[in-house]
Amino acid sequence: MASNHKASASRPVSRGGIGLTGRPPSGMRPLSGNNRVATGLPPGTARPGSRGGPLGTGGVLSSQIKVADRPVTQQGLSGMKTGMKGPQRQILDKSYYLGLLRSKISELTTEINKLQKEIEMHNQENSVYLSYEKRAETLAVEIKEFQGQLADYNMLVDKLNTNTEMEEVMNDYNMLKAQNDRETQSMDIIFTERQA
């Protein structure tokens, strides 16, 4: 019994929390949900996205990045487009005007070469057009001859279709021949009078 009393005297009571000098009992712990040990950083300065810091607040990583500002090229991402460059050339000296004259002279020479090529093309087209025009004149004469022959053949076919006699055709032929002879004689007389 004495040993029983001795153990109870050396052991502190755990229910009431009386006589405890170490950690508080489990029933008296604080009720906060964050049981982590503080890291020495001010609140709200932890890494974004971690459990220690709030999401979407902070410095560089919270800025809005637009995909249109970073277009993808064959070599990868290009840099973001900046604004206008610095001021243009402010001193307009002799070399500036010489460079300006050289650029204008090169533009003029290219334009002159272009115009000369166009002139050559037009000359070639004109020569081809003249040759075609001469050929068209000769072909027009041939067409007139063929049209006369075609008229004769059409008249012959018409006579055959109407069942005209051969004697009538010969009479028409003789009459037309006599008329042509008279007209040629009158033309010869007029020509000799003009010559005289």
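Which residues form a nonpolar patch on the surface, and what accessible area do they have together? The legends below address this point and others for a predicted model.

**View 1. Nonpolar surface patch containing Y97.** The patch is formed by L92, Y96, Y97 and L100, and together these residues have about 360 Å² of accessible area. Y97 is located in helix α2, which comprises residues 94–161. The relative accessible area of Y97 is 43%. Because partly exposed residues lie between the limits of 20% and 50%, Y97 is classed as partly exposed.

**View 2. Second largest pocket and its lining.** The volume of this pocket is about 270 Å³. Its lining consists of D152, M155, L156, K159, V169, D172, Y173 and L176. Helix α2 and helix α3 (166–195) each contribute at least two residues to this lining. Helix α2 is also the element in which Y97 of View 1 is placed.

**View 3. Chemical character of the second largest pocket.** Five of the lining residues are nonpolar and three are charged, whereas none is polar. Among the residues of the lining are D152, K159 and D172, as well as M155 and L156.

**View 4. Secondary structure of the protein chain.** The chain contains three helices and two strands. Along the sequence, these elements occur in the order α-β-β-α-α. Helix α2 spans residues 94–161, and α3 spans residues 166–195.

**View 5. Exposure of the protein chain.** The chain has 196 residues, of which 1% are buried. About 19500 Å² of the protein chain is exposed, and 58% of this area is supplied by carbon and sulfur atoms.

Notes. Residues are numbered from 1 along each chain as its sequence is written. This is a predicted model: local features need pLDDT of at least 70, side-chain atom pairs count only at pLDDT 80 or more; totals for chains, interfaces and linings use all residues. Side-chain values use heavy atoms; hydrogens and water are left out. Patches are made of residues with over 30% relative accessible area and no salt bridge: like charges are joined within 9 Å, nonpolar side chains (Val, Leu, Ile, Met, Phe, Trp, Tyr) within 5 Å. Accessible areas come from the Shrake-Rupley method with a 1.4 Å probe; for residues, only the protein chains shown count as cover. A salt bridge is a side-chain nitrogen of Lys or Arg within 4 Å of a carboxyl oxygen of Asp or Glu. Helices (H or I, at least four residues) and strands (E, at least two) are DSSP runs, numbered from the N terminus. Buried means under 20% relative accessible area, exposed over 50%, partly exposed in between (1.4 Å probe, protein chains only). On a 1 Å grid over the protein atoms alone, a cavity is a set of points where a 1.4 Å probe fits but cannot get out, and a pocket is an open set with protein on both sides within 12 Å along at least five of seven lines; lining residues have an atom within 4 Å of a point. Grid points are joined across faces, edges and corners, and a volume is the space filled by probe spheres set on the points. Ala, Val, Leu, Ile, Met, Phe, Trp, Tyr, Cys and Pro count as nonpolar, Asp, Glu, Lys and Arg as charged, and the others, Gly among them, as polar.
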